[in-house]
Amino acid sequence: MSNSLTQKLIFIRKLKQSDLKKLVKFRNNKIVWKLVGGGGFQKKITLNDEIKWFRKVNKKKDRLNLAICLNEKYVGNIYFTDMTKSSAQFHIFIGETSLWGKGIGSKSMILSINFLRTNYDITKIYLKVKKENIPAIKLYEKCGFKIKKKLYKNFYLMTNY
Ligand SMILES: CC(C)(COP(=O)(O)OP(=O)(O)OC[C@H]1O[C@@H](n2cnc3c(N)ncnc32)[C@H](O)[C@@H]1OP(=O)(O)O)[C@@H](O)C(=O)NCCC(=O)NCCS
C-alpha cells in the first residue's frame with residue numbers, strides 16, 4: 001500500500017485506562033472545554049480525578065466511551081450516553097487543536113455511528129451543541145444532523161431523525 005493511503009488512518013476503539021494521562025491534558029485545555037460546554041471545570045483536573053471519573057463511567061451500562069485514533073495515536077473522545085434500545089446521545093472532542101479541520105471529526109463520527117448501529121441496533125442519535133460552536137454545527141450537518149429546537153442556555157438540540 002502506498003504511503004499516501006496509510007498516512008491518515010483514522011479509527012475508533014474503546015477508551016482505556018492507559019489513555020487517561022493524555023486525556024488529562026485534553027481536559028485541562030480551556031479552548032477545547034469552552035466549546036464542549038456543560039460542566040465547565042473550575043479547577044485543574046488531575047490524573048487521579050480522571051481515574052475516578054473513568055471507573056465511574058466505565059461501569060455504566062447506558063454509556064459507551066470511545067477513543068479516536070489517528071495512526072495509533074489517541075487524539076480525542078466520542079461518548080454515547082443515555083443509551084436506550086433505539087436512541088443515544090452523541091458527544092465528541094478532538095483534544096489537539098492543531099488537528100482540527102482535517103476531517104478527523106467527521107470520519108470518526110461516521111465510524112462511531114455505524115459502530116452503534118451494527119453492534120447495538122441503535123439508529124436514533126441526538127446531541128446538544130452551543131449555538132456559537134459553528135465548527136461543531138457544520139460537522140454535525142455534514143454527518144446528516146439537523147437542528148431540531150433551541151434548548152436552555154443557548155444550546156441547540158440536533159438529531160439525525
Ligand atoms: C467539533 C470538532 C469535533 C470538529 O472536528 P474536525 O475534525 O475539526 O471536523 P472536520 O475536519 O471533520 O470538519 C467537518 C466539517 O465541519 C466544518 N468545519 C470544521 N472546522 C471548521 C471551522 N473552523 N469553521 C467552520 N467550519 C468548520 C466544515 O464544514 C467541515 O466539513 P468540510 O471540511 O467538508 O468543509 C472539533 O473542532 C473539536 O474537537 N472541537 C472542540 C470540542 C467541540 O466543540 N466538541 C463538540 C461539542 S458539541
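A residue counts as buried if 20 or more other C-beta atoms lie within 10 Å of its own. Keep that cut-off in mind for the views below, which all come from a predicted model.

**View 1. Strand S7 has a buried face and another that is not.** Walk along S7, residues 155-159, and you'll see the side chains alternate. Tyr156 and Met158 point to one face and are buried. Phe155, Leu157 and Thr159 point to the other face, and these three are not buried.

**View 2. S7 has a partner strand on each flank, S5 and S6.** What kind of pairing joins S5 and S7? These two run antiparallel, held in register over five bridges. One pair to look for is Lys128 with its bridge partner in S7, Leu157. S6 and S7 are also antiparallel, again over five bridges. Here Lys150 has Tyr156 of S7 as its bridge partner. The hairpin of S6 and S7 leaves three residues between the strands, and Lys153 in this hairpin takes a positive phi near 45°.

**View 3. Zooming out, seven strands make one open sheet.** Read across it and the order is S1-S2-S3-S4-S5-S7-S6, with mixed pairing. Which strands stand at the edges? They are S1 (10-14) and S6 (146-151), each with a single partner strand, so one side of each has no neighbour in the sheet. On average, neighbouring strands are turned by 30° against each other, ignoring direction. As background, strands of a sheet pair through backbone hydrogen bonds, either parallel or antiparallel. For a parallel example, find S4 (residues 87-94) beside S5 (residues 124-130), paired over three bridges. Ser87 has Lys124 of S5 as its bridge partner.

**View 4. The largest nonpolar core holds 20 residues.** Ile68 and Val75 are the members that touch the most others. At least two core residues come from each of S2 (64-70), S3 (73-81), S4 and helix H5 (104-120). Which of the elements gives the most? That would be S4, with five residues. Now centre on Ile68: leaving aside neighbours within four places in sequence, Ile68 is in contact with Ile12, Val75, Gly76, Asn77, Ile78, Ile94, Ile104 and Ser108. There is also a second, separate core of six residues, and among them are Ala136, Tyr140, Phe145 and Tyr156. Tyr156 is one of the buried residues from the S7 view. In general, nonpolar side chains tend to be buried together in soluble globular proteins.

**View 5. Helix H2 keeps its buried residues on the same side.** H2 covers residues 20-27, and its buried residues are Leu23, Phe26 and Arg27. Why do they count as being on the same side? They span an arc of only 95° around the axis, which puts them there together. Look at the other side of H2 and you'll find Lys21 and Lys25, both exposed. The cover over the buried residues of H2 includes helix H3 (30-36) and helix H4 (47-59).

**View 6. A shell of 21 residues sits around the ligand.** Which residues come nearest? Leu35, Gly105, Ser106, Pro135 and Lys138 do. H3, S4, H5 and helix H6 (134-142) each supply at least two residues of this shell. H6 gives the most, with six residues.

**View 7. Three loop residues, Lys43, Asp82 and Asp121, are exposed.** Start with Lys43, in the loop between H3 and H4. Lys43 counts as exposed because it has 7 C-beta neighbours inside 10 Å. Lys43 and Asn28 are 15 residues apart in sequence, and their C-alpha atoms are 8.8 Å apart in space. Next comes Asp82, in the loop between S3 and S4. Its phi is near 50°, a positive value in a residue other than glycine. With 11 other C-beta atoms within 10 Å, Asp82 is exposed. Then move to Asp121, in the loop between H5 and S5. Phi of Asp121 is positive too, near 65°. Asp121 has 9 other C-beta atoms within 10 Å, so this residue is exposed. Why point out the sign of phi? Because most residues other than glycine have a negative phi.

Definitions and conventions. Residues are numbered from 1 along each chain as its sequence is written. This is a predicted model: local features need pLDDT of at least 70, side-chain atom pairs count only at pLDDT 80 or more; totals for chains, interfaces and linings use all residues. A residue is buried if 20 or more other C-beta atoms lie within 10 Å of its own, exposed if 12 or fewer, and partly exposed in between; C-beta atoms are placed from the backbone. Helices (H or I, at least four residues) and strands (E, at least two) are DSSP runs, numbered from the N terminus. The arc is that of the directions from the helix axis to the C-beta atoms. Two residues are in contact if their C-beta atoms, placed from the backbone, lie within 7 Å. Two strands pair if DSSP finds at least two bridges between them. Axes are lines fitted to C-alpha atoms, for helices over the stretch in contact, and angles run from 0 to 180 degrees between N-to-C directions. A nonpolar core is a set of buried Ala, Val, Leu, Ile, Met, Phe, Trp, Tyr and Cys residues joined through C-beta atoms within 7 Å. A residue is near a molecule or strand if its C-beta atom, placed from the backbone, lies within 6 Å of it.
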